[in-house]
Amino acid sequence: MTPRTYGPDASFCPRCGAPLAGAPPTVCGSCGYALFVNARPTASLILLDGDPVTPRFLALRRAAEPRSGLWETPGGFCDGWEHPEVAAVREGREELGVEVTLGAFVGMYVGGYDYQGETLPVLDMFYLATIGAGDEIRLDPAESSGMTWFPLADPPPLAFETMDAAVRAAARQLGL
C-alpha cells in the first residue's frame, strides 16, 4: 500500500514526510504542519425546461465511476480559485455543449465523493439554470451516456444524496 500524505486517511506529513500521530485534523510532530481535510467545492445545475406550470429538470446518466449508470445533475468540481457560479457555467458548457443562464441559488450541501480509494468530503452548490430556446444539448460521452427530462416535483433517485436534497429544495422554492 502506498503511504497517504493527504486526504482523510493521511498517515504521513505532506510537507516533510514524517509519520503523523493520527488522522487529520492533526499537526505534524516533526515540522509543525497543520493538516486538515476540507470539503472540495463543486457547482451543479438544476437545468429547467422553462415550463412554468410543471417544470422538468435535466438528468444525465453517469458514464463513469463513481456510481456509473445512475442519474445526476450536470456539474463538477470547482478549479483552484474558481468561483462556483463560474464553475457552474463552465460545467454546463463542458458537459452539455451549451451556454447556461444561472438563476437562483438553491443551496449548499455537504456530501461524500469516492475518489482514488477514499471518500472525500465535498461541498456541493446548486443553481437553477436555463438554456436558450433552440439550443441543442450535446453530451460529452466521457461524462454522460444519456439524458432525460424529469418532473421537478417527482424526481427519480439521483446518484448522490446532495442532488436529491437540492432537487427537492428547488421544487419547494418554485412552490411545487
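Select F57 first and look across to β9, where F150 stands opposite F57; strands here are DSSP runs of E with at least two residues, helices are runs of H or I with at least four, and both are numbered from the N terminus. The model is predicted, with local features requiring pLDDT of at least 70 and side-chain atom pairs counted only at pLDDT 80 or more, while totals for chains, interfaces and linings use all residues. Residues are numbered from 1 along each chain as its sequence is written, and side-chain values use heavy atoms, with hydrogens and water left out.

Now show β4 and β9 in full: they pair in the antiparallel sense over seven bridges, where pairing requires that DSSP finds at least two bridges between two strands. Adding β5 completes an open, antiparallel sheet of three strands in the order β5-β4-β9, in which β5 (71-72) and β9 (144-151) are the edge strands, each pairing on one side only.

Next, select β8 (118-131). Ten of its 14 residues are buried, so β8 is largely enclosed by the rest of the structure; buried means under 20% relative accessible area, exposed over 50% and partly exposed in between, using a 1.4 Å probe and protein chains only. Strand β3 (residues 40-47) runs parallel to β8 and is joined to β8 by eight bridges, and R40 has V122 as its bridge partner in β8. Strand β7, by contrast, runs antiparallel to β8 and is joined to it by 13 bridges, with L102 standing opposite A129 of β8. Follow β7 into β8 and you pass through a hairpin with two residues between the strands, where Q116 in the turn has a positive phi of about 50 degrees.

Move on to α2 (161-173), whose 13 residues reach 18 Å from the first C-alpha to the last, close to the 18 Å expected at 1.5 Å a residue, the expected span being 1.5 Å times one less than the number of residues. Its buried residues include M163, V167 and A170, and what covers the buried residues of α2 includes β3, β4, β5, β7 and β8, contact being heavy atoms within 4.5 Å. Just after α2, G175 takes a positive phi of about 75 degrees.

Finally, colour the largest nonpolar core, in which I46, F57, V106, Y109, F126 and L152 touch the most other members among 23 residues; such a core is a set of buried Ala, Val, Leu, Ile, Met, Phe, Trp, Tyr and Cys residues joined through side-chain atoms within 4.5 Å. The largest share of this core, seven residues, comes from α2. A second, separate core of 17 residues includes L47, L58, Y127 and I131.
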